[in-house]
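I opened this model to look up one strand pairing and the sheet around it, then the surroundings of the ligands. My notes follow in the order in which I checked things.

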Amino acid sequence: MDNRRIIVKIPASTANLGPGFDTLGMALSLYAWIDMSIADEETEIELLGNGMESIPRDKSNLLYKVAQLVFKEAGLPEQELNIAMYSDIPLTRGLGSSASAIVGALVAANALAGFPLTEQQLFTIATRLEGHPDNVGASLFGGIIVAAWDGDRVDHIRLEPPAGIDMLVAIPDFHLATEKARHALPQQYSKQDAVYNISHSSLLVAALASGRIDLIRYAMKDRVHEPYRAALIPGMSQILRDAGEHGAISTALSGAGPTLLALIESDSQRKDELERFLLDTLGNEGVEAKSVWLKPCLTGPELQWLDGPTGEISLMEWIKGEVKA
Ligand SMILES: Nc1ncnc2c1ncn2[C@@H]1O[C@H](COP(=O)(O)OP(=O)(O)OP(=O)(O)O)[C@@H](O)[C@H]1O
Ligand SMILES: N[C@@H](CCO)C(=O)O
């Protein structure tokens, strides 16, 4: 085992890009950091950032359990760990907080163990834990990922996000757990809706792969999850229907929601108008929301080893130093 500290910076993600339910994910320029090292004595877990108060700090913590999976897979015994995590990714809002925690813990533990597992092995474990590959794939590989999971094997292709497009996310001030949002979906779909999503998702992937950005607005349409989840998010239907009239290329529910994602040309003069439209529409329905402008994140986790005198600084001090740099 490596006895240095590893700090891993992991991007947030938006899943279900348009019609790509459980399939298409994109990494976003919003981050979480996990600081992990082997403990001299007992495990200590520190969680920093908004909303982390409710997350357990004992060995039932997701980060601790995920790290032990890596050690077990590598044939190593359970390890006592020092773990600190700071996250700017809000919990249960559809921006992949659980995926970033899972991917970060896997990558950090794998580094401490001397990199016994391949990226593909980490992806398989992460997908099994999360239940679908779109968030974890985006956080692990960066960019846009197209992934297929059959319950056993997971494959993916990474696509470069189109240049010149910015993302606006409107993050409502309420939680929507993925589990609850999945229960809103029907057990069966009509042939028309299945064909609609297969064709639009295929078109979206082909458009992204071939640089046909003009097709994104027609391809990013969904009949598998958005119509059913709209009832859980007041204002969502109007935003998906009308945001195009306020400058958006297209809009989608981000992951399982409640965050709404809008794509717009980076040099558009209508960014303020779009932002106002999203926030006002939610506000008119009584939903407080925060808007954040993001870019696609092109890379997966970034790793930084700390040893010597830098080993004494806290995760927050280290992040602030990095942000300043
Ligand atoms: N740092 C963390 N440590 C432990 N558990 C975490 C951590 N971050 C997230 N989780 C767990 O993940 C849950 C949120 O996962 P959930 O899938 O419901 O939402 P999300 O990942 O934020 O959104 P989405 O999957 O729709 O993009 C939290 O309620 C918590 O149980
Ligand atoms: N594909 C997942 C993403 C949320 O984790 C869903 O929509 O349920």
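**Entry 1: the sheet**

I began with one residue pair and found Ile 171 standing opposite Lys 290 in E10. I note here that the model is predicted.

I then looked up the pairing of the strands. Strand E7, residues 165-172, runs antiparallel to E10, and six bridges join the two.

Next I asked in what order the strands of the sheet lie. I read E8-E9-E7-E10, four strands in an open sheet with antiparallel pairing. Strand E8 (250-253) and strand E10 (289-294) are at the edges. Each of these two has a single partner strand, so one side of each has no neighbour in the sheet. I also took down the twist, which averages 20 degrees from one strand to the next.

I checked what packs on this sheet. Helix H10 (residues 271-284) does, and it touches E7, strand E9 (260-265) and E10. The direction of H10 makes about 20 degrees with that of E7.

**Entry 2: ligand 1**

I counted what lies around ligand 1 and got 22 residues. The closest are Ser 97, Ser 98, Thr 178, Gly 255 and Ala 256. Two elements give two or more residues to this shell, helix H1 (62-73) and helix H2 (97-112). H2 has the largest share, with four residues.

I sorted the shell around ligand 1 by residue type: twelve are nonpolar, nine polar and one charged.

Why do I place ligand 1 between two domains? Domain 1 (5-160 + 297-324) and domain 2 (165-185 + 225-294) both contribute residues to its shell, so ligand 1 lies between them.

**Entry 3: ligand 2**

I repeated the look-up for ligand 2. Its surroundings hold 13 residues, and Ala 15, Asp 22, Thr 178, Gly 255 and Ala 256 come nearest.

Which element gives the most to the shell around ligand 2? I found that H5 does, with three residues. Helix H4 (134-141) and helix H5 (178-183) each supply at least two.

By type, I sorted the shell around ligand 2 into four nonpolar, six polar and three charged residues.

I put the domain question to ligand 2 as well. Domain 1 (5-160 + 297-324) and domain 2 (165-185 + 225-294) both give residues to the shell around ligand 2, so this ligand lies between them.

Last, I set the two lists of nearest residues side by side. Thr 178, Gly 255 and Ala 256 are listed for ligand 1 and also for ligand 2.

Definitions and conventions. Residues are numbered from 1 along each chain as its sequence is written. Chains are lettered from A and ligands numbered from 1 in the order in which they are written. This is a predicted model: local features need pLDDT of at least 70, side-chain atom pairs count only at pLDDT 80 or more; totals for chains, interfaces and linings use all residues. A residue is near a molecule or strand if its C-beta atom, placed from the backbone, lies within 6 Å of it. Ala, Val, Leu, Ile, Met, Phe, Trp, Tyr, Cys and Pro count as nonpolar, Asp, Glu, Lys and Arg as charged, and the others, Gly among them, as polar. Domain bounds come from an automatic or database domain assignment. Two strands pair if DSSP finds at least two bridges between them. Axes are lines fitted to C-alpha atoms, for helices over the stretch in contact, and angles run from 0 to 180 degrees between N-to-C directions. Two residues are in contact if their C-beta atoms, placed from the backbone, lie within 7 Å.
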